Amino acid sequence: MFMKRYITLGVWIGLCVCAMAQTPTPVTSVPYFCGFEQRSENANWVLNRRGGLGSNIPLPSSWTISSGAKHSGLRGLYIYTTADGGDETVAQYDGSKEVFTLAEREFSLPVGAYDLAFDWRCLGDTINDAIFVFWAPSSTFNNVNSRTTSTLPTNVSPLTIEGKTYLSGRGSWSQVQTTVNVSSAQNYKLVIAWHNNTTNTYNPGACIDNVQLQVAESASDCWKQVSDLTWTQGSAKDVLSWSGSAGATYDIFYWLEGSIAMDSVMNVTGTSY
């Protein structure tokens, strides 16, 4: 049996709450994790929000949560071609028509710094066809809508991740991490945007999975990265062990190579399982 390590083993104090709602409900506590497997949580993501001039024109490419692109489990968040009754299970975009479209998740969290991580893949075409990630007060996006143009919003700037303001040029799954800030007592939005023009087309477009947000690591307490991660196969059972901090609790996310299902073990108090 081969065990693939998920993002990290982490130390935290807190509890993840996923609201059972049909209308979008802000995330109110961290750690937050979304692998797009729970339909109740998926319903809280707002996809392809329209409004304003031209909102009656269909988007040529749109976000969906389905089986066409996922790093683990059964579903992921990705762009598919909407035109001509497009196949929602195929992760591809229509490079013949411009689009700028949003996938949004709202958060209501205490002031502070938070670590954001997610898995992604996207070939695209440098900055022309790419993923852009935004984190800003919810009110900033009141007049930012999905539309049939590749123009980026002017009132908010995308996050700089790995030295760039966009993600593209990667055909295999990768993970990125960055830090975002809640600087005042108001709701914030994580917005993952897809933008393409008509210069070139290199599929797939945006593919996202396993979104995580937690309190930023400090020198003294939560969410410290573990070290010396070891997987030992035994006759009766396999053992995962690591070096950590005294008194900490850990979450383990794992799956078998080739499996579509991801499992988890929560609140482990030792340094092996």
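In this predicted model, V99 lies in strand 7, which covers residues 99–107. Is V99 buried or exposed? With a relative accessibility of 0%, V99 counts as buried, because buried means under 20%. Its surroundings can be listed by name. Setting aside residues up to four places away in sequence, V99 touches L59, P60 and S61, then R147, T148, T149 and S150, and also W194, H195 and N196. One of these partners, T149, sits 50 residues from V99 along the chain, yet the C-alpha atoms of V99 and T149 are separated by 4.7 Å.

The strand that holds V99 can next be placed in its sheet. Four strands form an open sheet in the order 4-7-11-9, and their pairing is antiparallel. Strand 4 (46–47) and strand 9 (130–137) are the edge strands, each pairing on one side only. Strand 7 and strand 11 run antiparallel and are joined by nine bridges. Within this pairing, F107 has Y188 of strand 11 as its bridge partner. Strand 11 (residues 188–196) also pairs with strand 9, again in the antiparallel sense, over eight bridges. Here W135 is matched with L190 in strand 11, while F134 has V191 as its bridge partner.

Strand 11 deserves a closer look. How many of its residues are buried? Nine of the nine are, and strand 11 is thus described as mostly covered. In a regular strand, side chains alternate between the two faces of the sheet. Strand 11 can be read in this light: Y188, L190, I192, W194 and N196 point one way, K189, V191, A193 and H195 point the other way, and all are buried.

A second site of interest is R75, found in the loop between strand 5 (61–66) and strand 6 (76–81). R75 is buried yet has no salt bridge. Why is no salt bridge counted with E37, the nearest side chain of opposite charge? E37 is 4.2 Å away, and a salt bridge is counted only within 4 Å, so this pair does not qualify. The side chain of R75 does, however, reach the backbone oxygen of E37 at 2.7 Å. A polar atom of the R75 side chain also lies 3.3 Å from the backbone oxygen of F36. Leaving out neighbours within four places in sequence, the contacts of R75 include G35, F36, E37, R39 and N42, as well as I65, S66, S67, A69, K70 and D209.

Methods:
Residues numbered from 1 in each chain as written. Predicted model: local features only at pLDDT ≥ 70, side-chain atom pairs only at ≥ 80, totals over all residues. Heavy atoms only, no water. Pairing = 2+ DSSP bridges. Helix = DSSP H or I, 4+ residues; strand = E, 2+ residues; numbered from the N terminus. Buried < 20%, exposed > 50% of the residue type's maximum accessible area, 1.4 Å probe, protein only. Contact = heavy atoms within 4.5 Å. Lys, Arg positive; Asp, Glu negative; His and termini not counted. Polar contact = N/O pair within 3.5 Å; in protein donor to acceptor, adjacent residues only side chain to side chain.
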